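Q: Please take a close look at one helix of this model: its length, which way its side chains face and what packs on it. Then set it among the other parts that help to place it.

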Amino acid sequence: MTLLNQFDLDDYIDFIEEEKFSGRQLSEFVADTQRVYMADKRPWVIGYSGGKDSSAVMTLVYFALLGLKPEDRHKPVFVVASDTLVETPMVVDHVNKSLKLIEEGAKREGLPITSHKVVPKSNNTFWANLLGKGYPAPTRNFRWCTERMKIDPVSTFIKERVSEYDEVIVVLGSRSQESASRAQVIKKHKIDGSDLAVHTTLANAFIYTPIDTWSVDDVWKILRLCHLQTQEGPYGTRNKWFDKYDLEWEAPWGGKNLTLWNLYKDSSGQGECPLVIDETTPSCGNSRFGCWTCTVVTKDRAMESLIQNGEQWMEPLLKFRNILSRSTSPKLKKKYRNHIRRDGRLAFKTLKEDKERVLTDDYTTGPYLLKYRKLAMRMLLTMQKRFNDQGHNMELITVPELHAVRHEWLNDPNEPDWEDSLPSIVKEVLGIELDWTIDDANQFSLTEGELIDELAPQYGVSAHMIRKLIDVEREMSGLARRTGIFGRIGRLIQQDWESAEAIIASNLEIRQSQMRQSNEVKALEDELKQLNKLLSMEGIS
């Protein structure tokens with residue numbers, strides 16, 4: 001490898017030339033990265049999560065670009081980080097500072113690197129779905145968050161670059177040791193005779209994994225800029241670090257990777273959530289630090305460890321997360337969630353009997369009841385105010401998300417919020433008034449709602465159904481053509497507006513009636529068989 005810009009690399013040359021990674025000199029990996037970079041005009045998109053693996057690959061690419069002539073740095077490198085808006089606060093702070101330092105360092109060194117942070121759309125964030133639409137907290141069987149909050153924002157960024165440059169190369173810190181399944185997927189889509197793989201879902205996007213063969217020790221070696229030596233001792237083999245380069249923990253763009261080490265140490269070394277780019281990327285699930293709201297795991301041991309190691313101010317976040325987790329318990333589902341799904345129907349569970357699916361008297365639960373969503377919103381805003389009063393400067397839920405939640409409450413398919421509760425909750429807890437007029441589409445109030453609640457039972461109809469019928473009329477009033485109004489009214493009337501007990505009782509009657517009819521048909525069939533048998537014995541065909 002020829003280091004052509006040695007002034008910038010003077011401090012790192014010894015380390016690059018002397019240290020071995022996965023049995024090869026680091027200089028060979030730098031040269032390979034330079035070769036792939038210079039091979040074409042396709043821009044690079046580096047998936048940066050702020051964790052150890054993405055930081056290692058970022059360091060490798062940074063070294064490679066530093067070693068090129070300015071005229072050879074001919075194409076842009078986009079460093080993209082995905083912020084779900086519910087990331088662990090310590091991680092958010094680390095990623096934000098790192099992105100800033102990377103861009104400043106690149107500008108100082110004349111490298112074509114820019115940093116970008118992507119977030120989910122306001123109507124598709126964690127709170128817009130959970131508090132707004134009433135989606136249950138994510139579980140292993142219903143992990144609705146990954147695609148909406150991680151895959152979609154990153155995919156949109158990549159598609160925009162593809163639209164601009166025709167093709168792009170996505171550079172990831174994936175390692176075979178870290179995720180065997182991910183390694184198999186990349187190997188399956190590897191292009192013969194190339195260092196690249198075809199992206200599994202995005203057209204004209206390709207994958208490059210330069211540290212695929214590295215071990216976790218290799219990752220920490222480049223982050224520590226230190227020498228690692230294996231020694232035999234009285235208690236067996238162990239690794240020992242030697243600071244022989246006067247660079248320990250230094251990031252080439254500035255700042256110290258010691259912050260990252262402390263983050264891992266304080267969270268029990270659980271690891272980080274990778275930048276998720278498609279369904280094959282390993283998501284969080286083994287108590288790794290990522291979203292503080294993650295309920296896919298039974299316990300968030302990473303956040304527990306952070307609290308035990310001095311971040312006691314985060315304890316309210318852990319308690320809130322545990323409340324969300326408990327709400328997914330099979331024993332509590334029917335307490336917190338509506339028996340009606342968002343499509344307005346009660347969905348009975350089925351069992352397989354005699355190779356046929358039969359309905360049971362049990363049902364699957366729908367979205368969180370509005371009263372619990374309001375309670376959770378109040379708790380969330382109270383936490384936010386408390387943190388800010390303590391000087392933590394945190395925004396647990398953004399203003400656009402509040403607007404999205406309000407829109408969902410006002411237009412809830414089962415429980416439209418005629419009271420328009422959110423503005424008063426925000427004012428009461430945070431002491432501020434936002435400009436809500438953009439979402440102000442509800443002309444009815446709590447008074448009208450209470451009147452309907454009082455009168456509807458007297459006429460044997462559902463108050464919720466009456467509210468929705470009035471909403472339909474309000475939405476379509478004033479239109480020159482009210483095409484489809486009767487269809488919408490018909491669908492509303494056919495929905496399950498009764499209590500779960502009443503619907504189950506009605507279903508039981510229907511099933512009993514069907515069973516009686518089935519038994520009658522079977523009896524008739526038996527009689528016909530007997531008659532045919534008698535006729536056959538008499539010789540009558």
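A: The expected span of a helix is 1.5 Å multiplied by one less than the number of its residues. This model is predicted, and two of its helices can be put to that test. Helix α3 (residues 26–38) has 13 residues, so its span should be 18 Å, and the 19 Å between its end C-alpha atoms agrees. Helix α12 (residues 315–326) has 12 residues, so 16 Å is expected, and its end C-alpha atoms lie 17 Å apart, which again agrees.

Helix α12 is the part to examine closely. Its buried residues are Leu317, Leu318, Phe320, Arg321, Leu324 and Ser325. These residues cover an arc of only 165° around the axis, so they sit on the same side of α12. The geometry behind such a pattern is general: an α-helix has 3.6 residues a turn, so residues three or four places apart point the same way. On the other side of α12, Lys319 and Arg326 are exposed. The cover over the buried residues of α12 includes α5 (89–109), α6 (126–133), α11 (301–308) and α14 (370–389).

One of these covering helices, α14, also holds lysine 374. Because its relative accessibility is 19%, lysine 374 counts as buried, the cut-off being under 20%. Leaving aside residues up to four places away in sequence, lysine 374 touches Trp409, Asp417, Glu419, Ser421 and Ile425. Histidine 403 belongs to helix α15 (residues 399–410). With a relative accessibility of 15%, histidine 403 is counted as buried too. The C-alpha atoms of histidine 403 and aspartate 435 are 9.4 Å apart, although 32 residues separate the two along the chain.

Helix α3 can be read for burial as well. Its buried residues are Leu26, Ser27, Phe29, Val30, Thr33, Gln34, Val36 and Tyr37.

Next comes the largest pocket. It encloses about 530 Å³ of space. Its lining consists of 21 residues, and those nearest its centre are Pro136, Lys333, Arg337, Thr364 and Thr365. At least two lining residues each come from α13 (333–336) and β12 (356–364). Strand β12 gives the largest share of the lining, with 3 residues.

The cysteines can be checked for bonding. A disulfide is a covalent bond between the sulfur atoms of two cysteines. The structure contains 0 disulfides. For cysteine 145, the closest cysteine sulfur is that of cysteine 294, at 6.4 Å, which is too far for a bond, because a disulfide requires the two sulfur atoms to be within 2.5 Å. Cysteine 145 has a relative accessible area of 14% and is therefore buried. Cysteine 291 also counts as buried, since its relative accessibility is 14%.

Finally, the protein as a whole. It has 20 helices and 12 strands. Of its 541 residues, 49% are buried. Among contacts between residues at least 6 apart in sequence, 69% join residues at least 24 apart.

Technical notes. Residues are numbered from 1 along each chain as its sequence is written. This is a predicted model: local features need pLDDT of at least 70, side-chain atom pairs count only at pLDDT 80 or more; totals for chains, interfaces and linings use all residues. Side-chain values use heavy atoms; hydrogens and water are left out. Buried means under 20% relative accessible area, exposed over 50%, partly exposed in between (1.4 Å probe, protein chains only). Helices (H or I, at least four residues) and strands (E, at least two) are DSSP runs, numbered from the N terminus. The arc is that of the directions from the helix axis to the C-beta atoms. Contact means heavy atoms within 4.5 Å. On a 1 Å grid over the protein atoms alone, a cavity is a set of points where a 1.4 Å probe fits but cannot get out, and a pocket is an open set with protein on both sides within 12 Å along at least five of seven lines; lining residues have an atom within 4 Å of a point. Grid points are joined across faces, edges and corners, and a volume is the space filled by probe spheres set on the points.
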